[in-house]
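The following note sets out some remarks on the ligand site and the nonpolar interior. Please read them alongside the model.

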Amino acid sequence: MNIIYDTMFDSNTIDRFEKIATPFYFYDMDLLRRTVDQVHDLAQKHNLRVHYAVKANSNEKILREISAKGFGADCVSGNEVLHAHECGFPADRIVYAGVGKSDKEICNAMRLGIEAFNCESLQEIFVINEMAREYGMVANVSVRINPDIDAHTHKYVTTGLYENKFGISQHEFDKLIELIGKSRNINFIGLHFHIGSQITRVAEVFALECRRVNELVAYFERNGLEVKNINLGGGLGVDYDDPDGNPIPDFQTWFSTIDREIVRRPNQTVHVEPGRSIVAQCGTLISRVMFVKSGETKNFLIMDAGMNDLIRPALYGAYHRIENLSATMRPFFPSHQAYDIVGPVCESSDVWGAGRLLPLSVRGDLMAIRSTGAYGQVMASRYNMKDLAPAVYSDSIDDAPEKIDYFKML
Ligand SMILES: *Cc1c(COP(=O)(O)O)cnc(C)c1O
(Lines give C-alpha, C1' and ligand atoms only; values in the text may rest on other atoms or scores of the structure.)
Protein backbone atom coordinates (compact mmCIF):
# COMPACT_ATOMS: atom_id res chain seq x y z
CA MET A 1 0.00 0.00 0.00
CA ASN A 2 1.29 3.44 -0.86
CA ILE A 3 2.08 5.88 1.90
CA ILE A 4 -0.34 8.76 1.85
CA TYR A 5 0.84 12.19 2.91
CA ASP A 6 0.49 14.37 -0.17
CA THR A 7 -2.72 16.20 -0.90
CA MET A 8 -4.06 18.59 -3.52
CA PHE A 9 -5.31 20.91 -0.77
CA ASP A 10 -2.95 23.86 -0.17
CA SER A 11 -2.14 25.26 3.26
CA ASN A 12 -4.38 28.28 2.75
CA THR A 13 -7.41 26.05 2.06
CA ILE A 14 -6.59 23.78 5.02
CA ASP A 15 -6.34 26.85 7.27
CA ARG A 16 -9.80 27.92 6.19
CA PHE A 17 -11.17 24.38 6.68
CA GLU A 18 -9.91 24.47 10.29
CA LYS A 19 -12.54 27.08 11.15
CA ILE A 20 -15.49 25.23 9.61
CA ALA A 21 -17.81 22.86 11.46
CA THR A 22 -17.34 19.26 10.29
CA PRO A 23 -18.38 17.07 8.60
CA PHE A 24 -19.08 18.90 5.35
CA TYR A 25 -18.95 18.22 1.62
CA PHE A 26 -16.43 20.43 -0.15
CA TYR A 27 -16.95 21.05 -3.87
CA ASP A 28 -14.12 22.24 -6.09
CA MET A 29 -16.12 24.38 -8.52
CA ASP A 30 -13.08 25.05 -10.69
CA LEU A 31 -12.57 21.32 -11.31
CA LEU A 32 -16.29 20.93 -12.03
CA ARG A 33 -16.10 23.72 -14.62
CA ARG A 34 -13.02 22.24 -16.27
CA THR A 35 -14.70 18.81 -16.40
CA VAL A 36 -17.92 20.19 -17.85
CA ASP A 37 -15.97 22.25 -20.43
CA GLN A 38 -14.06 19.18 -21.55
CA VAL A 39 -17.22 17.07 -21.83
CA HIS A 40 -18.86 19.85 -23.84
CA ASP A 41 -15.97 20.18 -26.29
CA LEU A 42 -15.51 16.43 -26.77
CA ALA A 43 -19.26 15.92 -27.23
CA GLN A 44 -19.25 18.52 -29.99
CA LYS A 45 -16.25 16.93 -31.65
CA HIS A 46 -17.89 13.49 -31.66
CA ASN A 47 -21.41 14.77 -32.29
CA LEU A 48 -23.00 13.40 -29.09
CA ARG A 49 -25.75 14.92 -26.95
CA VAL A 50 -25.11 14.93 -23.21
CA HIS A 51 -27.76 14.44 -20.54
CA TYR A 52 -26.32 14.74 -17.04
CA ALA A 53 -27.64 12.01 -14.71
CA VAL A 54 -29.09 14.13 -11.90
CA LYS A 55 -29.18 11.30 -9.35
CA ALA A 56 -25.35 11.43 -9.00
CA ASN A 57 -25.54 14.89 -7.42
CA SER A 58 -28.57 17.16 -7.42
CA ASN A 59 -27.12 20.20 -5.63
CA GLU A 60 -28.64 23.32 -7.07
CA LYS A 61 -25.30 25.09 -7.59
CA ILE A 62 -23.86 22.08 -9.37
CA LEU A 63 -26.96 21.61 -11.54
CA ARG A 64 -26.90 25.28 -12.55
CA GLU A 65 -23.26 25.00 -13.57
CA ILE A 66 -24.07 21.98 -15.75
CA SER A 67 -27.32 23.30 -17.25
CA ALA A 68 -25.54 26.55 -18.17
CA LYS A 69 -23.37 24.54 -20.58
CA GLY A 70 -26.46 23.51 -22.52
CA PHE A 71 -26.54 19.87 -21.39
CA GLY A 72 -29.80 18.01 -20.93
CA ALA A 73 -30.79 16.12 -17.78
CA ASP A 74 -31.46 12.43 -17.17
CA CYS A 75 -33.84 11.98 -14.24
CA VAL A 76 -35.11 8.93 -12.37
CA SER A 77 -37.95 10.41 -10.30
CA GLY A 78 -40.67 12.99 -10.63
CA ASN A 79 -38.99 15.26 -8.11
CA GLU A 80 -35.72 15.08 -10.05
CA VAL A 81 -37.60 16.13 -13.18
CA LEU A 82 -39.15 19.16 -11.43
CA HIS A 83 -35.90 20.07 -9.65
CA ALA A 84 -33.78 19.81 -12.82
CA HIS A 85 -36.27 22.08 -14.57
CA GLU A 86 -36.06 24.62 -11.73
CA CYS A 87 -32.26 24.50 -11.94
CA GLY A 88 -32.13 25.61 -15.55
CA PHE A 89 -32.62 22.48 -17.68
CA PRO A 90 -35.24 23.17 -20.39
CA ALA A 91 -38.17 20.71 -20.26
CA ASP A 92 -37.50 19.55 -23.80
CA ARG A 93 -34.01 18.40 -22.77
CA ILE A 94 -35.13 16.34 -19.78
CA VAL A 95 -35.48 12.57 -20.14
CA TYR A 96 -37.08 10.46 -17.45
CA ALA A 97 -36.07 6.84 -16.77
CA GLY A 98 -36.80 4.44 -13.89
CA VAL A 99 -38.60 1.11 -13.50
CA GLY A 100 -41.23 2.47 -11.13
CA LYS A 101 -42.79 5.77 -12.19
CA SER A 102 -45.95 6.59 -10.19
CA ASP A 103 -49.09 8.01 -11.81
CA LYS A 104 -48.40 11.35 -10.14
CA GLU A 105 -44.82 11.41 -11.40
CA ILE A 106 -45.87 10.56 -14.96
CA CYS A 107 -48.59 13.18 -14.86
CA ASN A 108 -46.28 15.99 -13.69
CA ALA A 109 -43.59 15.13 -16.24
CA MET A 110 -46.13 14.94 -19.05
CA ARG A 111 -47.57 18.34 -18.20
CA LEU A 112 -44.09 19.82 -18.12
CA GLY A 113 -43.54 18.55 -21.67
CA ILE A 114 -40.33 16.60 -21.17
CA GLU A 115 -38.18 15.37 -24.08
CA ALA A 116 -38.93 11.69 -23.48
CA PHE A 117 -40.06 9.00 -21.07
CA ASN A 118 -37.49 6.23 -21.10
CA CYS A 119 -39.93 3.38 -20.53
CA GLU A 120 -38.85 0.20 -18.82
CA SER A 121 -41.86 -2.13 -19.16
CA LEU A 122 -44.80 -2.83 -21.46
CA GLN A 123 -47.25 -1.93 -18.74
CA GLU A 124 -45.57 1.46 -18.28
CA ILE A 125 -45.97 2.22 -22.01
CA PHE A 126 -49.61 1.20 -21.79
CA VAL A 127 -50.23 3.47 -18.77
CA ILE A 128 -48.42 6.46 -20.33
CA ASN A 129 -50.49 6.06 -23.49
CA GLU A 130 -53.71 5.98 -21.44
CA MET A 131 -52.75 9.04 -19.40
CA ALA A 132 -51.71 10.97 -22.51
CA ARG A 133 -55.06 10.14 -24.09
CA GLU A 134 -56.83 11.41 -20.98
CA TYR A 135 -54.99 14.75 -21.30
CA GLY A 136 -55.36 14.92 -25.07
CA MET A 137 -51.57 14.82 -25.48
CA VAL A 138 -48.98 12.77 -27.30
CA ALA A 139 -46.01 11.75 -25.13
CA ASN A 140 -42.56 11.07 -26.52
CA VAL A 141 -41.41 7.60 -25.57
CA SER A 142 -38.03 5.96 -25.81
CA VAL A 143 -37.81 2.31 -24.83
CA ARG A 144 -35.13 1.06 -22.48
CA ILE A 145 -33.80 -2.21 -23.77
CA ASN A 146 -31.88 -4.67 -21.66
CA PRO A 147 -28.98 -5.51 -23.99
CA ASP A 148 -27.71 -8.46 -21.89
CA ILE A 149 -24.16 -7.14 -21.60
CA ASP A 150 -21.71 -7.62 -18.75
CA ALA A 151 -20.26 -4.23 -17.77
CA HIS A 152 -17.54 -5.93 -15.67
CA THR A 153 -18.32 -3.86 -12.63
CA HIS A 154 -19.75 -4.37 -9.13
CA LYS A 155 -22.86 -6.59 -9.02
CA TYR A 156 -24.92 -3.84 -7.40
CA VAL A 157 -24.14 -1.33 -10.15
CA THR A 158 -24.40 -3.57 -13.21
CA THR A 159 -27.77 -3.07 -14.88
CA GLY A 160 -27.61 -4.53 -18.39
CA LEU A 161 -27.59 -8.27 -17.69
CA TYR A 162 -30.56 -10.39 -18.70
CA GLU A 163 -31.71 -11.04 -15.15
CA ASN A 164 -31.60 -7.37 -14.02
CA LYS A 165 -34.84 -5.52 -13.29
CA PHE A 166 -34.03 -2.75 -15.77
CA GLY A 167 -35.35 -2.41 -19.30
CA ILE A 168 -37.29 -4.68 -21.62
CA SER A 169 -35.74 -7.98 -22.64
CA GLN A 170 -35.71 -9.87 -25.90
CA HIS A 171 -38.54 -12.28 -25.11
CA GLU A 172 -40.98 -9.34 -25.10
CA PHE A 173 -39.86 -7.62 -28.32
CA ASP A 174 -42.78 -8.91 -30.42
CA LYS A 175 -45.34 -7.70 -27.89
CA LEU A 176 -43.47 -4.38 -27.58
CA ILE A 177 -43.59 -3.70 -31.31
CA GLU A 178 -47.28 -4.56 -31.42
CA LEU A 179 -48.07 -2.33 -28.43
CA ILE A 180 -46.22 0.68 -29.86
CA GLY A 181 -47.96 0.18 -33.18
CA LYS A 182 -51.41 0.46 -31.66
CA SER A 183 -50.74 3.18 -29.06
CA ARG A 184 -51.99 6.41 -30.61
CA ASN A 185 -50.97 8.80 -27.83
CA ILE A 186 -47.32 8.01 -27.71
CA ASN A 187 -44.68 9.01 -30.20
CA PHE A 188 -41.91 6.41 -30.35
CA ILE A 189 -38.61 8.28 -30.71
CA GLY A 190 -35.89 5.77 -29.96
CA LEU A 191 -34.05 3.26 -27.83
CA HIS A 192 -32.38 3.70 -24.47
CA PHE A 193 -29.62 1.65 -22.84
CA HIS A 194 -27.61 1.90 -19.63
CA ILE A 195 -25.47 -1.10 -18.78
CA GLY A 196 -23.95 -0.15 -15.43
CA SER A 197 -21.75 2.22 -13.50
CA GLN A 198 -18.05 2.69 -12.63
CA ILE A 199 -16.99 1.01 -15.88
CA THR A 200 -13.19 1.07 -16.10
CA ARG A 201 -12.59 -1.20 -19.11
CA VAL A 202 -13.83 1.74 -21.15
CA ALA A 203 -12.86 0.96 -24.76
CA GLU A 204 -13.71 -2.75 -24.46
CA VAL A 205 -17.05 -2.53 -22.66
CA PHE A 206 -18.46 0.45 -24.58
CA ALA A 207 -17.41 -1.03 -27.94
CA LEU A 208 -19.30 -4.17 -26.94
CA GLU A 209 -22.32 -2.07 -25.98
CA CYS A 210 -22.27 -0.17 -29.30
CA ARG A 211 -22.09 -3.36 -31.39
CA ARG A 212 -25.04 -4.84 -29.53
CA VAL A 213 -26.95 -1.55 -29.87
CA ASN A 214 -26.30 -1.52 -33.64
CA GLU A 215 -27.92 -4.97 -33.91
CA LEU A 216 -30.90 -3.92 -31.80
CA VAL A 217 -31.48 -0.66 -33.70
CA ALA A 218 -31.37 -2.59 -36.99
CA TYR A 219 -33.82 -5.16 -35.59
CA PHE A 220 -36.40 -2.56 -34.54
CA GLU A 221 -36.06 -0.64 -37.81
CA ARG A 222 -36.58 -3.86 -39.81
CA ASN A 223 -39.76 -4.25 -37.82
CA GLY A 224 -41.09 -0.86 -38.78
CA LEU A 225 -40.04 1.40 -35.89
CA GLU A 226 -37.92 4.39 -36.82
CA VAL A 227 -35.17 4.85 -34.21
CA LYS A 228 -34.35 8.58 -34.31
CA ASN A 229 -32.74 8.66 -30.94
CA ILE A 230 -30.03 6.28 -29.70
CA ASN A 231 -29.36 6.80 -26.00
CA LEU A 232 -26.37 4.85 -24.67
CA GLY A 233 -26.68 5.78 -20.98
CA GLY A 234 -23.80 6.57 -18.64
CA GLY A 235 -21.33 4.48 -16.67
CA LEU A 236 -17.87 5.95 -17.28
CA GLY A 237 -15.69 5.05 -14.27
CA VAL A 238 -13.51 7.39 -12.22
CA ASP A 239 -10.12 6.81 -10.56
CA TYR A 240 -10.84 6.42 -6.84
CA ASP A 241 -7.21 5.38 -6.15
CA ASP A 242 -5.60 8.45 -7.64
CA PRO A 243 -7.98 11.43 -7.80
CA ASP A 244 -5.09 13.90 -8.19
CA GLY A 245 -3.49 11.91 -11.01
CA ASN A 246 -6.80 11.59 -12.86
CA PRO A 247 -9.09 14.44 -11.82
CA ILE A 248 -10.99 14.29 -15.13
CA PRO A 249 -12.15 10.82 -16.26
CA ASP A 250 -11.36 9.48 -19.73
CA PHE A 251 -14.20 11.05 -21.72
CA GLN A 252 -11.91 11.06 -24.76
CA THR A 253 -11.78 7.25 -24.93
CA TRP A 254 -15.46 6.87 -24.12
CA PHE A 255 -16.70 9.33 -26.75
CA SER A 256 -14.26 8.30 -29.48
CA THR A 257 -15.15 4.63 -28.96
CA ILE A 258 -18.85 5.47 -29.44
CA ASP A 259 -18.14 7.67 -32.46
CA ARG A 260 -16.14 4.87 -34.09
CA GLU A 261 -18.44 1.94 -33.23
CA ILE A 262 -21.98 3.27 -33.44
CA VAL A 263 -23.73 3.09 -36.79
CA ARG A 264 -25.83 6.20 -37.40
CA ARG A 265 -27.61 7.92 -40.23
CA PRO A 266 -27.45 11.73 -40.53
CA ASN A 267 -30.93 12.16 -39.00
CA GLN A 268 -30.19 9.95 -35.99
CA THR A 269 -28.90 11.50 -32.77
CA VAL A 270 -26.71 9.70 -30.25
CA HIS A 271 -27.08 10.54 -26.56
CA VAL A 272 -24.99 9.80 -23.46
CA GLU A 273 -25.89 10.16 -19.77
CA PRO A 274 -22.78 10.65 -17.61
CA GLY A 275 -23.42 11.09 -13.89
CA ARG A 276 -20.55 9.96 -11.67
CA SER A 277 -17.84 10.92 -14.18
CA ILE A 278 -18.89 14.58 -14.17
CA VAL A 279 -19.13 15.16 -10.43
CA ALA A 280 -17.25 12.48 -8.43
CA GLN A 281 -13.77 14.04 -8.38
CA CYS A 282 -14.90 17.58 -7.56
CA GLY A 283 -16.32 16.49 -4.18
CA THR A 284 -14.50 15.73 -0.92
CA LEU A 285 -16.07 14.82 2.40
CA ILE A 286 -14.17 16.71 5.09
CA SER A 287 -14.28 15.16 8.54
CA ARG A 288 -12.40 15.42 11.83
CA VAL A 289 -10.78 12.76 14.00
CA MET A 290 -12.79 12.79 17.23
CA PHE A 291 -11.00 10.03 19.09
CA VAL A 292 -7.97 7.83 18.68
CA LYS A 293 -8.43 4.44 20.26
CA SER A 294 -5.87 1.68 20.62
CA GLY A 295 -7.33 -1.76 20.29
CA GLU A 296 -5.54 -4.97 21.18
CA THR A 297 -4.01 -5.30 17.73
CA LYS A 298 -5.27 -2.22 15.92
CA ASN A 299 -5.48 1.54 16.18
CA PHE A 300 -8.83 3.13 15.45
CA LEU A 301 -9.47 6.63 14.22
CA ILE A 302 -13.04 7.55 15.05
CA MET A 303 -14.30 10.23 12.68
CA ASP A 304 -17.24 12.59 12.92
CA ALA A 305 -18.43 11.60 9.41
CA GLY A 306 -20.25 8.30 9.14
CA MET A 307 -22.19 6.07 6.80
CA ASN A 308 -25.14 8.43 7.20
CA ASP A 309 -23.07 11.08 5.35
CA LEU A 310 -21.66 8.74 2.69
CA ILE A 311 -23.03 5.23 2.42
CA ARG A 312 -20.94 3.91 -0.49
CA PRO A 313 -18.34 2.01 1.62
CA ALA A 314 -21.04 0.38 3.77
CA LEU A 315 -23.37 -0.29 0.83
CA TYR A 316 -20.99 -1.50 -1.89
CA GLY A 317 -17.68 -1.90 -0.07
CA ALA A 318 -16.52 1.11 -2.10
CA TYR A 319 -12.98 2.45 -1.69
CA HIS A 320 -12.29 6.14 -1.06
CA ARG A 321 -8.82 7.58 -0.65
CA ILE A 322 -8.37 9.18 2.77
CA GLU A 323 -5.81 11.88 3.62
CA ASN A 324 -4.90 13.54 6.90
CA LEU A 325 -4.87 17.24 5.95
CA SER A 326 -3.74 18.57 9.33
CA ALA A 327 -0.70 16.28 9.35
CA THR A 328 0.53 17.84 6.10
CA MET A 329 0.73 21.16 7.99
CA ARG A 330 2.96 19.85 10.78
CA PRO A 331 6.62 20.76 10.37
CA PHE A 332 7.96 17.22 10.73
CA PHE A 333 6.15 14.18 9.56
CA PRO A 334 5.92 11.65 12.35
CA SER A 335 6.09 8.00 11.31
CA HIS A 336 3.22 6.36 9.54
CA GLN A 337 0.96 3.83 11.10
CA ALA A 338 -1.88 1.59 10.05
CA TYR A 339 -5.31 2.74 11.18
CA ASP A 340 -8.78 1.36 10.97
CA ILE A 341 -10.78 4.47 10.18
CA VAL A 342 -14.39 4.29 11.32
CA GLY A 343 -17.50 6.43 11.66
CA PRO A 344 -19.67 7.11 14.71
CA VAL A 345 -22.81 5.27 13.58
CA CYS A 346 -23.92 2.20 15.49
CA GLU A 347 -23.33 -0.30 12.70
CA SER A 348 -20.29 -2.54 12.21
CA SER A 349 -20.29 -1.66 8.51
CA ASP A 350 -19.65 2.02 9.31
CA VAL A 351 -15.99 1.73 8.32
CA TRP A 352 -14.09 4.14 6.06
CA GLY A 353 -11.06 1.95 5.58
CA ALA A 354 -9.17 -0.85 7.32
CA GLY A 355 -5.41 -0.84 7.77
CA ARG A 356 -4.88 2.54 6.07
CA LEU A 357 -1.37 3.96 6.41
CA LEU A 358 -1.47 7.55 7.63
CA PRO A 359 0.86 9.93 9.43
CA LEU A 360 0.46 9.87 13.21
CA SER A 361 -3.05 11.25 13.68
CA VAL A 362 -4.47 13.03 16.70
CA ARG A 363 -7.80 14.26 18.00
CA GLY A 364 -9.00 17.23 15.95
CA ASP A 365 -7.12 16.38 12.74
CA LEU A 366 -8.93 17.26 9.53
CA MET A 367 -9.40 14.30 7.20
CA ALA A 368 -10.28 14.36 3.50
CA ILE A 369 -12.38 11.50 2.10
CA ARG A 370 -11.78 11.94 -1.60
CA SER A 371 -13.86 11.45 -4.78
CA THR A 372 -17.19 11.84 -3.01
CA GLY A 373 -18.99 14.22 -5.39
CA ALA A 374 -21.12 11.42 -6.88
CA TYR A 375 -23.61 9.26 -4.96
CA GLY A 376 -22.42 10.94 -1.76
CA GLN A 377 -24.51 13.81 -0.47
CA VAL A 378 -27.55 12.62 -2.47
CA MET A 379 -27.62 9.35 -0.50
CA ALA A 380 -27.07 10.94 2.92
CA SER A 381 -29.59 10.13 5.63
CA ARG A 382 -30.34 11.21 9.15
CA TYR A 383 -29.83 7.70 10.57
CA ASN A 384 -29.04 7.92 14.32
CA MET A 385 -30.67 11.38 14.05
CA LYS A 386 -27.37 12.84 12.86
CA ASP A 387 -27.44 16.27 11.22
CA LEU A 388 -27.01 16.33 7.45
CA ALA A 389 -23.53 17.47 6.38
CA PRO A 390 -23.81 20.80 4.53
CA ALA A 391 -22.15 21.67 1.21
CA VAL A 392 -19.26 24.15 1.08
CA TYR A 393 -18.19 25.47 -2.33
CA SER A 394 -14.65 26.50 -3.27
CA ASP A 395 -15.87 29.83 -4.63
CA SER A 396 -17.66 30.75 -1.40
CA ILE A 397 -15.79 29.03 1.46
CA ASP A 398 -16.43 31.96 3.77
CA ASP A 399 -20.18 31.31 3.75
CA ALA A 400 -19.58 27.99 5.55
CA PRO A 401 -20.94 27.39 9.08
CA GLU A 402 -18.24 28.09 11.65
CA LYS A 403 -16.87 25.54 14.08
CA ILE A 404 -17.73 26.24 17.70
CA ASP A 405 -15.00 25.46 20.19
CA TYR A 406 -17.10 23.92 22.99
CA PHE A 407 -14.03 23.06 25.02
CA LYS A 408 -12.97 26.68 25.41
CA MET A 409 -16.48 27.75 26.33
CA LEU A 410 -16.45 25.65 29.50
C1 LIG B 1 -27.54 6.17 -12.98
C2 LIG B 1 -27.83 6.33 -14.41
C3 LIG B 1 -26.93 7.00 -15.24
C4 LIG B 1 -25.60 7.54 -14.76
O5 LIG B 1 -24.71 6.54 -14.44
P6 LIG B 1 -23.19 6.93 -14.02
O7 LIG B 1 -22.55 5.63 -13.80
O8 LIG B 1 -23.26 7.77 -12.81
O9 LIG B 1 -22.60 7.67 -15.18
C10 LIG B 1 -27.28 7.16 -16.57
N11 LIG B 1 -28.47 6.69 -17.06
C12 LIG B 1 -29.35 6.05 -16.28
C13 LIG B 1 -30.62 5.58 -16.86
C14 LIG B 1 -29.08 5.84 -14.94
O15 LIG B 1 -29.95 5.19 -14.17
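1. A backbone N or O atom of R276 lies 2.8 Å from an oxygen atom of the ligand, a polar contact being a pair of N or O atoms within 3.5 Å. A polar side-chain atom of Y375 is 2.6 Å from an oxygen atom of the ligand, and one of D74 is 3.1 Å from a nitrogen atom of the ligand. The protein buries 95% of the 390 Å² that the ligand exposes when taken alone (Shrake-Rupley method, 1.4 Å probe).

2. The model is predicted: local features need pLDDT of at least 70, side-chain atom pairs count only at pLDDT 80 or more, and totals for chains, interfaces and linings use all residues. Residues are numbered from 1 along each chain as its sequence is written, and side-chain values use heavy atoms, with hydrogens and water left out.

3. The largest nonpolar core (buried Ala, Val, Leu, Ile, Met, Phe, Trp, Tyr and Cys residues joined through side-chain atoms within 4.5 Å; buried means under 20% relative accessible area, 1.4 Å probe, protein chains only) has 100 residues, of which F117, V143 and I278 touch the most other members. Helix 8 (residues 202-222) gives the most to this core, with eight residues. Domain 1 (11-26 + 281-409) and domain 2 (97-274) both contribute residues, so this core lies between them; the bounds come from an automatic or database domain assignment.

4. A second, separate core of 13 residues includes F9, I286, V392 and A400.

5. In helix 9 (residues 251-261; helices are DSSP runs of H or I, at least four residues, and strands of E, at least two, numbered from the N terminus), the buried residues include W254 and F255. The buried residues of helix 9 pack against helix 2 (29-45), helix 8, strand 9 (269-272) and helix 10 (276-279), with contact meaning heavy atoms within 4.5 Å.

Methods:
Buried means under 20% relative accessible area, exposed over 50%, partly exposed in between (1.4 Å probe, protein chains only). A polar contact is a pair of N or O atoms within 3.5 Å; within protein, one must be able to donate a hydrogen and the other to accept it, and residues adjacent in sequence count only if both atoms are side-chain atoms.
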